[in-house]
Amino acid sequence: MAGMDTTAGAAAAQGAAPQASAMAASGGPLAGGSARSAGALRPAALPGMPGYDPADLYAFDRAGMVSPVIASALPRVYVPNTESDTVTVIDPADYHVIETMKVGHEPQHVVPSWDLKTLWVNNDLGNSLTPIDPFTGKAGAPIPVHDPYNLYFTPDGGSAVVMASMDKQLVFRDPHTMAVQKVLPVPCQGVNHADFAPDGSYFIVSCEFSGQLLKVDTKKRALIGVVDLPMQGSMPQDVKISPDGRVFYVADMVANGLWTVNGDAFKVTGLIPTGKGAHGLYVSRDSTTMYVSNRGEGSITLFDFATGEPRAKWQLPGGGSPDMGGVSADGKVLWLSGRYDSEVYAISTTDGRLLARIKVGRGPHGLAVYPQPGRYSLGHTGVFR
């Protein structure tokens, strides 16, 4: 099937350090000599959040635009194995397993911190976060955190947001020490994934086990809306905003497609079929395409942002269970965990060809490809701006 070229000819990247963020907010020069035209970036509504490009929220995620902050980070793929209580570390250059490190009980996701300097392993049933140093690849001492199914960061870097799925809470914590700042009880079951409005003023959260979505005020850390998805038994998963900021897409593994949501009005506007068990959502380096992993049928749908429709589907040879992952820094490889097959898939974004099928531990889930382009991380397996 026809693929896509994600190797945009971008210059070197914008840093995540405060001074670099301030420069980006003003539309100033990027690291490496590239520059934005004055006024290209819009100031955020959330104080402290770097400015953003309203025409393309992923403008700093182009191929090769890795922040100077993590320029010396080891190129690695970190795979949390939920049933083995381990993280498998893969060298993306040759698809070789470097090591398997022991972590806490039931690690669900490996999450880059807002400042890009730490990778957090979410040990859900172990009630802890294990830090990994991306410059050495070594794990540090775990930090006690209750029910950390998933982890996000507010766009200003002021808070980590723990998706405490079984506790039915969003827990705002210090992004470095993980000390509790505020606990927000939520009226749904299975909070798991999220994405933020262009200006950072609010974020949309999926509730896997009650078929609902939440809208949360970022600054006030307050719940401002709850919506029931219009299909009985819905199981919403990953959430991703469109490059132009007009649509939130929510993968649903029961509805077998993407719900479209108007975030400002907080209204579900439609359903786009993609494949059985639609699960993870990943944006290409040129912001034209979103890769949708269809876990129930072993395929990846290529969703076209310009047309608002799928344009192709890649089938994994011999089947599989593609789940969560990310795109390589150069945009040429899509990495996905094989949730029910104890394996990881490396897929060419040019033509959908399977480059490697790598055996890992049991129950691989939210793998992180690192480093990736972007000024800062919003969390999950790598949502960068």
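1. Strand S20 gives the most to the lining of the largest cavity, with three residues. The structure under review is a predicted model, and every value in this note should be read as computed from that model. S20 spans residues 278-283, and together with strand S24, at 322-327, it belongs to the elements that each supply at least two residues of the lining of this cavity.

2. The surroundings of S20 deserve to be set beside its part in the cavity lining. Six of the six residues of S20 are buried, so the strand is largely enclosed by the rest of the structure. S20 runs antiparallel to strand S21, residues 289-294, and five bridges join the two. Within this pairing, Ala278 stands opposite Asn294 of S21. The hairpin that S20 and S21 form has five residues between the strands, and there Ser287 takes a positive phi near 65°.

3. As for the largest cavity itself, its volume comes to about 180 Å³. It is lined by 16 residues, of which Asp61, Val283, Arg285, Gln372 and Gly382 are the closest to its centre. Sorted by class, the lining holds eight nonpolar, five polar and three charged residues.

4. The search of the whole structure returns three cavities of 30 Å³ or more. Rolling a probe the size of a water molecule over the atoms shows where empty space is left. The second largest cavity has a volume of about 60 Å³, and its lining is made up of Met49, Tyr52, Leu57, Pro155, Phe196, Ala197, Pro198, Arg375, Tyr376, Leu378 and Arg385. By class, nine of the lining residues of this second cavity are nonpolar and two are charged, with no polar residue among them.

5. Turning from cavities to open space, the largest pocket holds about 210 Å³. Of the 13 residues that line this pocket, Pro75, Pro92, Ser328, Ala329 and Val369 are the closest to its centre. Two strands, S25 (333-338) and S28 (368-370), are the elements that give two or more residues to the pocket lining. The class count for the lining of the largest pocket is ten nonpolar, one polar and two charged residues.

6. A few totals for the chain as a whole give the setting for these local points. The protein chain contains one helix and 28 strands. Of its 385 residues, 61% count as buried. The chain exposes about 13200 Å², and carbon and sulfur atoms supply 53% of that area. Where contacts join residues at least 6 apart in sequence, 48% of them link residues at least 24 apart.

7. A second hairpin can be described in similar terms. Strand S10, residues 169-173, and strand S11, residues 180-185, run antiparallel and are joined by five bridges. Leu170 has Leu184 as its bridge partner in S11. Six residues lie between the strands of this hairpin, and Met178 takes a positive phi near 70° there.

8. Is Val87 buried or exposed? Val87 is found in strand S2, residues 86-91, and it counts as buried because its relative accessible area is 0%, against a cut-off of under 20%. Leaving aside residues up to four places away in sequence, Val87 touches Tyr78, Val79, Pro80, Asn81, Glu99, Thr100, Met101, Val103 and Val121. One of these partners, Val103, lies 16 residues from Val87 along the chain, and the C-alpha atoms of the pair are separated by 6.9 Å.

9. His96 offers a further residue to inspect, this time in strand S3, residues 96-102. His96 has a relative accessibility of 47% and therefore counts as partly exposed, since that class lies between the cut-offs of 20% and 50%. Not counting residues up to four places away in sequence, His96 touches Val89, Ile90 and Asp91. The C-alpha atoms of His96 and Lys359 are separated by 9.9 Å, although these two residues are 263 residues apart along the chain.

Key: Residues numbered from 1 in each chain as written. Predicted model: local features only at pLDDT ≥ 70, side-chain atom pairs only at ≥ 80, totals over all residues. Heavy atoms only, no water. 1 Å grid on protein atoms, 1.4 Å probe; cavity = no way out; pocket = protein on both sides within 12 Å on 5 of 7 lines; lining within 4 Å. Points joined across faces, edges and corners; volume = space filled by probe spheres on them. Helix = DSSP H or I, 4+ residues; strand = E, 2+ residues; numbered from the N terminus. Nonpolar A, V, L, I, M, F, W, Y, C, P; charged D, E, K, R; others polar. Buried < 20%, exposed > 50% of the residue type's maximum accessible area, 1.4 Å probe, protein only. Contact = heavy atoms within 4.5 Å. Areas by Shrake-Rupley, 256 points an atom, 1.4 Å probe, with all protein chains shown as cover. Pairing = 2+ DSSP bridges.
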